Every structure is written in C-alpha cells, then in structure tokens.
Amino acid sequence: MRRAHLVWSSMTLALLAGGCNLSSRTVIAEFAGPAVMDVTGTLAGSTAIGRAEVDLNQVAVYRNTKSGLQAVSDFALLGSIKNNGLTIVRPEFYVTADSTAFTNAAFVRANGVPLWGPIDIVPGGSVALDWNKSAALVGPRGREVIARETAGDGRFTIYALGVVTGTSYNFTVQDFRAVLILETDP
Amino acid sequence: MRFTIGKRDHARALVVLALLAFAAPVHAVTVGLGVFGGESLPLAQADNDPGPQWGVRVPVHALANVSIEPFFAVADGGRHEETFGGRTYDRIGFNVVSYGAIAAWGRMGFGAGFPLYPYVGLGSYRLAREGTAPRTEWGYSAGVGYAYGLPVGFALQARSEVVVVPTGETSRRFVNLNLGVQFRFHPVP
C-alpha cells in the first residue's frame with residue numbers, strides 16, 4: 001500500500017507542476033501588407049524593392065493578447081509571387097527592426113537580417129505560397145527579430161528583394177500577408 | 001512520420017522506469033498487451049485541429065488497487081484552414097509522439113471489479129510539424145477509463161483524458177478519446 005501511495009503522490013505532484021500552464025492558448029494574428037509589390041533589378045543593382053511596414057498594433061488579435069503574450073510559436077509569409085521576367089527569379093525577404101524606409105537592396109542587406117527564402121520561380125511562373133512551406137523557409141535570425149519585435153513594440157519592416165540569376169529580375173508579390181501564431185496566457 | 005530519441009528522452013525514460021520500480025510486485029503480476037485508437041482534440045489551439053490517435057499499451061496489475069501501464073502513442077493533428085486576403089491556406093497539425101506510463105486506480109479489466117477507473121500519467125511528448133522546430137517536453141495526463149471484460153482474457157477499453165504538455169510559460173493541451181482492446185497474458189507467478 002505504501003508503494004501505491006508513492007506512485008499516486010508522484011503522479012499527482014507531476015500534474016500539479018504542470019497546472020500553471022492551464023489557461024494559455026494560441027491565436028493567429030494576420031497582418032495585411034501591400035496588395036502588390038513590384039520588385040525589379042539588374043546586375044547593376046536593384047531598381048525597385050518591395051516594402052511592408054508592419055505595425056502589429058493595427059491587428060486586433062495582437063492588441064487583445066499582447067499583455068499576456070508569451071511567445072511567437074510560428075511565423076510565415078503568405079500571398080503569391082509572379083515572375084514577370086525571362087529568367088529564373090529568386091525572391092527573398094529581409095526584415096529590419098522598427099520602421100525603416102530603405103530604397104535599395106544593398107542598404108537592406110547591410111542593415112537588415114535575412115527573414116525568408118529564397119525560392120526559385122521559372123520565367124512566367126507564379127507561386128502561391130504554402131503556409132507550411134513558407135513557415136519552414138523562415139530563417140533563425142529573422143525569426144529572432146520577429147519574436148523580439150512582437151514582444152516589444154510590434155513594429156518591424158519586411159523587404160522583398162531579388163537575386164540576379166541572369167542579367168535582371170522582375171517579379172510581383174501579391175496579397176502579401178505576415179501571419180503569426182502567438183502563444184498567450186491571459 | 002519521423003522522430004528521434006535524445007539523451008534527455010533517455011533520462012525521462014529512466015525516471016518513468018524508476019516510477020514503475022516503486023510498483024514492483026507484491027504478489028503475482030498480471031501483464032497484458034493492448035492497442036487503441038481514437039481522436040485527439042487540441043484545446044485552445046487556433047493552429048491545430050482534431051486528428052487521429054493510436055498506440056499500444058502494456059497494462060501491469062501488480063498491487064491490490066493500482067495498475068501501471070506503460071504506453072506509446074502517436075497523434076496527428078488535423079490541418080487547420082484559414083482565409084487570408086481571400087485565399088484559403090491550411091496549416092498542418094502537430095505530430096505528437098509520446099511514451100510514458102499511467103497509474104490507474106483499479107484492475108483495468110483484469111478480473112472482476114468496478115469497471116470505471118481514474119488514472120494519471122506522465123510521459124515524454126514530442127511535438128513536431130513542418131516549419132516549426134520540434135520540441136520534446138514532459139507531459140501530464142489525467143483521465144477516466146472504462147473496462148469491459150470479454151471471454152478468454154480479452155477486455156474492451158474506453159478512455160477519455162486530458163493531456164497537458166508545458167511549453168515554457170504556456171502549454172499545449174489535448175483531450176484524447178479512444179477505444180481499445182487488450183489481451184491478458186497468464187499471471188506471472
């Protein structure tokens with residue numbers, strides 16, 4: 001009987017130890033970026049870059065859960081990317097903490113951190129981003145910035161850049177969305 | 001489905017085994033083997049939908065009122081659909097691989113007795129899905145089972161349980177509902 005009590009006591013203590021986490025929940029926060037972002041460039045450098053200034057405070061889910069926010073468990077970029085050029089394009093996304101307004105890719109790469117990608121899109125092709133694959137394309141450094149800024153003031157800037165695979169690139173990002181899964185304990 | 005077992009998992013397994021050692025036989029031991037299947041329902045998780053669960057159990061009745069049951073279980077969370085900007089996307093659910101043991105107050109279908117039995121459990125839970133770094137954590141469970149004895153050593157099992165997997169300051173929680181069948185081997189002297 002003593003052994004039975006030991007087993008029950010151990011299990012009950014273990015359950016009580018986990019009891020502090022019983023009120024948490026996960027929620028999905030969606031930030032809608034520009035409907036269209038045209039990104040172009042040549043061997044000489046970028047001629048147009050995509051920019052989405054994210055302010056999560058505009059997102060009701062984020063505002064309502066921020067006080068109990070514990071972690072960003074998942075982050076993804078959604079939308080579609082169309083290759084308007086004649087060579088393979090290689091879109092990638094960078095992030096800078098806070099609001100920035102860089103106008104060329106060299107400045108973004110020098111001051112931001114890689115966030116997502118790259119992926120290859122054939123000439124004339126269009127890729128609808130998959131939520132699962134997109135989440136897997138988020139890099140560790142970019143994920144850190146997103147987590148830090150989400151826990152902070154909720155502001156950061158995402159840039160869409162191209163990588164030259166031939167002599168130029170030309171692609172369009174449509175219906176851009178930044179989607180976060182937040183862990184919160186109200 | 002992929003999963004790996006690391007050093008921390010081994011440590012956890014040792015603790016579970018140590019726990020089982022507390023329940024070392026006082027009298028004869030009755031050992032069984034069971035399989036089960038059912039549904040795993042995520043609680044308060046906007047990104048994870050219900051999905052199937054299956055597993056195996058090894059019930060051991062060694063004490064007067066307590067049965068110990070090591071288990072191995074796999075649950076696949078369902079795909080969660082959301083519409084963003086007029087497009088529909090889906091996020092794959094968590095694949096949850098767990099092993100551990102429960103302690104039940106009752107005979108769990110081993111011989112005559114009250115058919116309902118409450119139980120608590122402790123185990124290692126590995127949550128993984130594409131695009132999210134996998135994590136392995138201790139998980140805790142509590143539930144109620146119902147055993148219905150059948151001839152020649154078989155018994156049907158129906159269980160409902162709540163599982164809590166702490167993930168830092170928060171947790172992932174599930175309600176598991178499953179049905180199973182177990183076979184009782186001859187008592188070990």
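How many helices and strands are there in chain B? Chain B holds one helix and 11 strands, where helices (DSSP runs of H or I, at least four residues) and strands (DSSP runs of E, at least two residues) are numbered from the N terminus. This is a predicted model, in which local features need pLDDT of at least 70 and side-chain atom pairs count only at pLDDT 80 or more, while totals for chains, interfaces and linings use all residues. Residues are numbered from 1 along each chain as its sequence is written, and chains are lettered from A and ligands numbered from 1 in the order in which they are written.

**Chain B: confidence and layout**

Colour chain B by pLDDT, the predictor's confidence in each residue on a scale from 0 to 100. The mean for chain B is 86, with 84% of its residues at 70 or more. Select helix α1 (residues 7–22) of chain B, where confidence is lowest at a mean of 54, and then strand β2 (residues 51–57) of chain B, where confidence is highest at 98. Ahead of that helix, residues 1–5 of chain B stay under 50 in pLDDT, and the model has five contacts for them beyond four places in sequence; a contact here requires C-beta atoms, placed from the backbone, within 7 Å. For the complex, the predictor gives an ipTM of 0.85 and a pTM of 0.86.

From the N terminus on, the elements of chain B run α-β-β-β-β-β-β-β-β-β-β-β. Of the 189 residues in chain B, 44% are buried, the criterion being 20 or more other C-beta atoms within 10 Å of a residue's own, with exposed meaning 12 or fewer and partly exposed meaning in between, all C-beta atoms being placed from the backbone.

**Chain B: following the strands**

Next, select strand β1 (residues 30–43) of chain B together with strand β11 (residues 170–184) of chain B, which run antiparallel and are joined by 12 bridges; strands count as paired if DSSP finds at least two bridges between them. In this pair B:Gly38 stands opposite B:Asn178 in β11(B), and B:Gly38 also stands opposite B:Gln53 in β2(B), a strand that runs antiparallel to β1(B) and is joined to it by seven bridges. Strand β3 (residues 60–61) of chain B pairs with β1(B) as well, in the antiparallel sense over two bridges, and there B:Val31 stands opposite B:Val60.

Move on to strand β10 (residues 154–167) of chain B, which is antiparallel to β11(B) and joined to it by 14 bridges. B:Val164 stands opposite B:Arg173 in this pair, and in the hairpin, which has two residues between the strands, B:Gly168 takes a positive phi near 75°.

**Crossing to chain A**

Keep B:Val164 selected and add A:Leu22, which touches B:Val164 and B:Ser171, leaving aside residues up to four places away in sequence. A:Leu22 is found in the loop between α1 (2–18) and β1 (25–32) of chain A, and A:Leu22 counts as partly exposed because it has 15 C-beta neighbours inside 10 Å. Although A:Leu22 and A:Asp185 are 163 residues apart along the chain, their C-alpha atoms are separated by 8.8 Å.

**Chain A: sheet, helix and core**

Chain A contains five helices and 10 strands, and 39% of its 186 residues count as buried. Select the open sheet of four strands, whose order is β4-β9-β6-β7 (chain A) with antiparallel pairing. Its edge strands, β4 (50–55) and β7 (113–116) of chain A, each pair on one side only. Strands β6 (residues 90–97) and β9 (residues 155–163) of chain A pair over eight bridges, and A:Tyr94 stands opposite A:Tyr159 in β9(A).

Now add helix α5 (residues 140–151) of chain A, which lies across β6, β7 and β9 of chain A and runs at about 90° to β7(A); such angles, from 0 to 180 degrees, are taken between N-to-C directions of axes fitted to C-alpha atoms, for helices over the stretch in contact.

Finally, look for the largest nonpolar core, a set of 45 residues; such a core consists of buried Ala, Val, Leu, Ile, Met, Phe, Trp, Tyr and Cys residues joined through C-beta atoms within 7 Å. Among the members that touch the most others are A:Phe93, A:Ile158 and A:Leu161. The largest share of this core, nine residues, comes from strand β10 (residues 168–184) of chain A. Centre the view on A:Ile158, whose contacts beyond four places in sequence include A:Ala52, A:Val95, A:Leu115 and A:Ala178. A second, separate core of 30 residues includes B:Leu63, B:Ala101, B:Leu127 and B:Val163.

Notes. Contact = placed C-beta atoms within 7 Å.
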